[in-house]
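This report walks through one protein model, moving from its open space to its interior and then to some details of its backbone. Please keep the sequence and the 3D view at hand while reading.

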Amino acid sequence: MCSLLTSFGVALARTLEVTAVGSIDSVKVQISASRMMSAGVEIPEGKRLNQYGDLENFDLTAEDWMIRWEKRHIGFHKDEIHELLQKYLDIILNGRKQIRIFVPLCGKSRDMKWLADQGHTVVGVEVSEIAVKEFFAEQNLSYTQESVQGFAGAEVFQSTDGKLFLFNCNMFDFTSVIAGKFDGIWDRGSLVAVNPSDRQHYAKLMTTLMDKGCQYLLDAFTYDQEKLSGPPFSTPPHVIHDLYGQSCNIQLLQSSDALTDRQRMWGLDSFTEQVHLITLKTNTDSCA
């Protein structure tokens, strides 16, 4: 037991080293860890203390994300329309109007209502029913709620104007059979939230959801993964090319320093945000 607790203490020290002094989340982790150590409680294999001081799986499960929503541990949510979506919307549209746009792991993002207000049909997928219901409540939208035929356990929440469809289900159970293919994809906080071990599965799913001419806008981050275990996970350009390069063309639209006090509290001294445009290759395209 002593050796196990010592190992835990060393691992904890390494974790806390990368969390800034004075961070509320770091204090929570410290208190939780201290209590566990004083009580002689071991961290189960495959588990970790997250930045909120809660135990969760190293490879996050759907249940872990639902718990985060239940406990309001949703620092990833933005209360405003994402500035990069506004900047690059014309690239997603590519001269088209009233297109179908997919938003994976959508949470209660205000981006969806903003897109729908411009005449587009928006389809989101979110595992947390709390997030889905809060979206409609906060946007003052009436909706219907129905089970998805042939998709056990899944429900679709549809706005009464027929512009917004939010599927409450596990992302990896979603397919083009359920909602068709899409003209555009806005991927903010989705790929970067997926366990690295699930990335290939995720990328394959995304490409199967892309219709001919689909413009896929991907927001990604690059940082020292040794200093932060994630999420969000570091997804540098070479990872994006490994995931999508075989079937897609990839264009880096923007790379900028995005380091703020929030990332400094995570123990980072460098945090780069990259925006990629991903499109399906045609027969005449050369390999990326």
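## The largest pocket

Helix α3 gives the largest share of the lining of the largest pocket, namely 4 residues. The model is a predicted one, and in it this pocket holds about 1100 Å³ of space. Besides α3 (62-70), the elements that each supply at least two lining residues are α5 (110-117), β4 (121-126), β8 (182-188), β9 (210-222) and α10 (261-265).

In total, 50 residues line the largest pocket, and those nearest its centre are Phe76, Arg188, Gly189, Val192 and Ala193. Sorted by chemical character, the lining has 25 nonpolar, 12 polar and 13 charged residues. Rolling a probe the size of a water molecule over the atoms shows where empty space is left.

## The nonpolar cores

Which residues have the most contacts inside the largest nonpolar core? They are Phe102, Phe167, Phe174, Met206, Tyr216, Tyr244 and Ile278, in a core that has 33 residues. At least two residues of this core come from each of β4, β8, α8 (199-208), β9, α9 (237-244) and β10 (248-257), and β9 supplies the largest share, 5 residues.

Tyr216 shows how distant parts of the sequence can meet: leaving aside neighbours within four places in sequence, Tyr216 is in contact with Ile185, Asp187, Tyr202, Met206, Met210, Tyr244, His276, Leu277 and Ile278. Apart from the largest core lies another core, of 24 residues, with Leu84, Leu85, Ala116 and Val132 among them.

## The two sides of helix α4

In helix α4, which covers residues 83-93, the buried residues are Leu84, Leu85, Tyr88, Leu89, Ile92 and Leu93. These residues are on the same side of α4, because they cover an arc of only 165 degrees around the axis. Lys87 and Asp90, by contrast, are exposed on the other side of α4.

The buried residues of α4 are covered by parts of the structure that include α5, β8, β9, β10 and β11 (272-280).

## A buried arginine in α8

Is Arg199, a residue of helix α8, buried or exposed? Arg199 counts as buried because its relative accessible area is 10%, which falls under the 20% cut-off. Not counting residues up to four places away in sequence, Arg199 touches Leu191, Val194, Phe233, Ser234, Thr235, Val239 and Leu243. The C-alpha atoms of Arg199 and Ile240 are separated by 9.7 Å, while the two residues are 41 residues apart along the chain.

## Details of the backbone

Most residues other than glycine have a negative phi, and most peptide bonds are trans. Against this background, a cis peptide bond joins Gly230 and Pro231, with omega about 0 degrees, and a cis peptide bond also joins Pro231 and Pro232, again with omega about 0 degrees. Pro231 is in the loop between β9 and α9, and so is Pro232.

Asn94, which follows α4 and is in the loop between α4 and β3 (100-103), has a positive phi near 50 degrees although Asn94 is a residue other than glycine. Leu105, in the loop between β3 and α5, is not a glycine either, and its phi is positive at about 45 degrees. With a relative accessible area of 28%, Leu105 is partly exposed.

Terms used
Residues are numbered from 1 along each chain as its sequence is written. This is a predicted model: local features need pLDDT of at least 70, side-chain atom pairs count only at pLDDT 80 or more; totals for chains, interfaces and linings use all residues. Side-chain values use heavy atoms; hydrogens and water are left out. On a 1 Å grid over the protein atoms alone, a cavity is a set of points where a 1.4 Å probe fits but cannot get out, and a pocket is an open set with protein on both sides within 12 Å along at least five of seven lines; lining residues have an atom within 4 Å of a point. Grid points are joined across faces, edges and corners, and a volume is the space filled by probe spheres set on the points. Ala, Val, Leu, Ile, Met, Phe, Trp, Tyr, Cys and Pro count as nonpolar, Asp, Glu, Lys and Arg as charged, and the others, Gly among them, as polar. A nonpolar core is a set of buried Ala, Val, Leu, Ile, Met, Phe, Trp, Tyr and Cys residues joined through side-chain atoms within 4.5 Å. Buried means under 20% relative accessible area, exposed over 50%, partly exposed in between (1.4 Å probe, protein chains only). Contact means heavy atoms within 4.5 Å. The arc is that of the directions from the helix axis to the C-beta atoms.
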